[in-house]
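Here's a quick tour for anyone meeting this protein for the first time. Have a look at the sequence and the model, then read on.

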Amino acid sequence: MAEIDALPFSFAFKPQTMALVVIDMQRDFAEPGGFGASLGNDVSRVTAIVPTVKRLIEGFRAAGLPVIHTMECHRADLSDLPPAKRNRGNPSIRIGDVGPMGRVLIVGEPGTAILDQLKPLPGEIVIEKPGKGAFYATSFGEDLKRLGAQQLVFAGVTTEVCVQTTMREANDRGYECLLAEDATESYFPEFKAAALAMIRAQGAIVGWTATTDQVLEGIANA
């Protein structure tokens with residue numbers, strides 16, 4: 001069986017069952033003037049991983065392996081946005097409000113779009129998710145079953161929230177999960193470090209982590 005050099009130990013994989021899941025690489029989380037910046041975050045940390053995420057996506061495409069994209073977004077009437085999510089804290093702008101890139105995290109608005117550099121190809125699955133995890137209120141689980149996926153490689157933002165939530169949910173459903181640690185990011189470096197440690201703790205209790213180079217090398221040598 002092929003292996004990827006990973007932590008806490010090598011990740012054994014079967015390429016025919018592997019898919020890449022790219023979480024929420026959207027303008028609102030990565031660009032100045034977006035929702036992430038409006039919350040006071042340094043979005044340059046997200047921007048910095050874009051070339052690495054792109055390389056990971058291109059590597060999966062070249063190997064003929066599925067690439068799945070997620071977008072955190074809500075309906076225009078906010079019927080899928082609970083008050084507990086919209087009203088948290090005291091931000092200058094809330095989900096659904098009009099911002100510099102249109103209504104924040106609303107389907108079809110400019111800021112909600114995936115970054116141009118990482119734009120999905122025709123035929124690639126795009127999951128529009130109203131929650132932090134990709135399984136909640138979406139077709140994600142059914143799509144994975146249809147693909148015959150058993151092992152998932154993750155990239156995207158933010159490491160400790162939407163990425164880790166989806167990984168934990170996938171692990172509960174029996175998927176083996178690996179996070180490309182240089183293709184994910186947080187606005188808070190200490191949060192990313194803690195999330196990586198939690199994921200691979202206790203013998204990969206949630207999953208494994210590896211660099212993009214290690215992932216692509218493993219796929220190439222399979």
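Which residue lies over the face of F135? That would be R173, at 4.1 Å from the ring centre. A charge counts as sitting over a ring if NZ of Lys or CZ of Arg is within 6 Å of the ring centre and within 35 degrees of the ring normal.

Before going further, a word on the ground rules. This is a predicted model, where local features need pLDDT of at least 70 and side-chain atom pairs count only at pLDDT 80 or more, while totals for chains, interfaces and linings use all residues. Residues are numbered from 1 along each chain as its sequence is written, and side-chain values use heavy atoms, with hydrogens and water left out.

**The annotated domain**

- UniProt, in an unreviewed entry, places the feature "domain: Isochorismatase-like" at residues 19-207; its positions are given in the numbering used here, feature names are shortened, and annotations may be inferred rather than shown by experiment.
- Across residues 19-207 the chain is 35% helix and 20% strand, where helices (H or I, at least four residues) and strands (E, at least two) are DSSP runs, numbered from the N terminus.
- The end C-alpha atoms of residues 19-207 are 15 Å apart.

**Aromatic rings**

- You'll find four aromatic pairs in the structure; rings of Phe, Tyr and Trp (its six-membered ring) pair if their centres lie within 6.5 Å, and planes under 30 degrees apart count as stacked, over 60 as edge-to-face and the rest as tilted.
- F11 and W208 make an edge-to-face pair, because their ring centres are 4.9 Å apart and their planes sit at 75 degrees.
- That pair links distant parts of the chain: F11 is in strand β2 (residues 11-13) and W208 is in strand β10 (residues 208-210), 197 residues apart.
- Both F11 and W208 are buried; buried means under 20% relative accessible area, exposed over 50%, and partly exposed in between (1.4 Å probe, protein chains only).
- Add F9 to F11 and W208 and you have one aromatic cluster.
- F188 and F191 have ring centres 4.7 Å apart and planes at 45 degrees, so this pair is tilted.
- F188 is partly exposed, at 32% relative accessible area, and F191 is partly exposed too, at 37%.

**Salt bridges**

- The structure holds 10 salt bridges, each being a side-chain nitrogen of Lys or Arg within 4 Å of a carboxyl oxygen of Asp or Glu.
- One of them joins K129 to D24, with the closest N and O atoms 2.8 Å apart.
- K129 is in strand β7 (residues 125-129) and D24 is in the loop between β3 (18-23) and α1 (27-30), so this pair links parts of the chain that are 105 residues apart.
- Both K129 and D24 are buried.
- D213 and R55 also meet in a salt bridge, at 2.8 Å from N to O.
- D213 lies in helix α9 (residues 212-220) and R55 in helix α4 (residues 50-62), so the bridge ties together parts that are 158 residues apart in sequence.
- D213 counts as partly exposed at 47% relative accessibility, and R55 is partly exposed at 35%.
- K192 bridges to E185, the closest N and O atoms being 3.7 Å apart.
- K192 counts as buried at 13% relative accessibility, and E185 is buried at 8%.
- R45, E185 and K192 are joined into one network by salt bridges that share partners.**The largest pocket**

- The largest pocket has a volume of about 370 Å³; a pocket is an open set of points on a 1 Å grid over the protein atoms alone where a 1.4 Å probe fits, with protein on both sides within 12 Å along at least five of seven lines.
- Grid points are joined across faces, edges and corners, and a volume is the space filled by probe spheres set on the points.
- This pocket is lined by 20 residues, and the closest to its centre are L39, R88, T158, V161 and Y187; lining residues have an atom within 4 Å of a point.
- Two elements, α2 (35-38) and α7 (159-172), give two or more residues to the lining.
- Helix α7 gives the most to that lining, with three residues.

**Two spots to find in the model**

- A155 lies in strand β8 (residues 151-157) and counts as buried at 0% relative accessibility.
- The C-alpha atoms of A155 and E185 are separated by 8.6 Å, with their positions 30 residues apart along the chain.
- V163 is found in helix α7 and is buried, with a relative accessible area of 0%.
- V163 and G133 are 30 residues apart along the chain, and their C-alpha atoms are separated by 7.5 Å.
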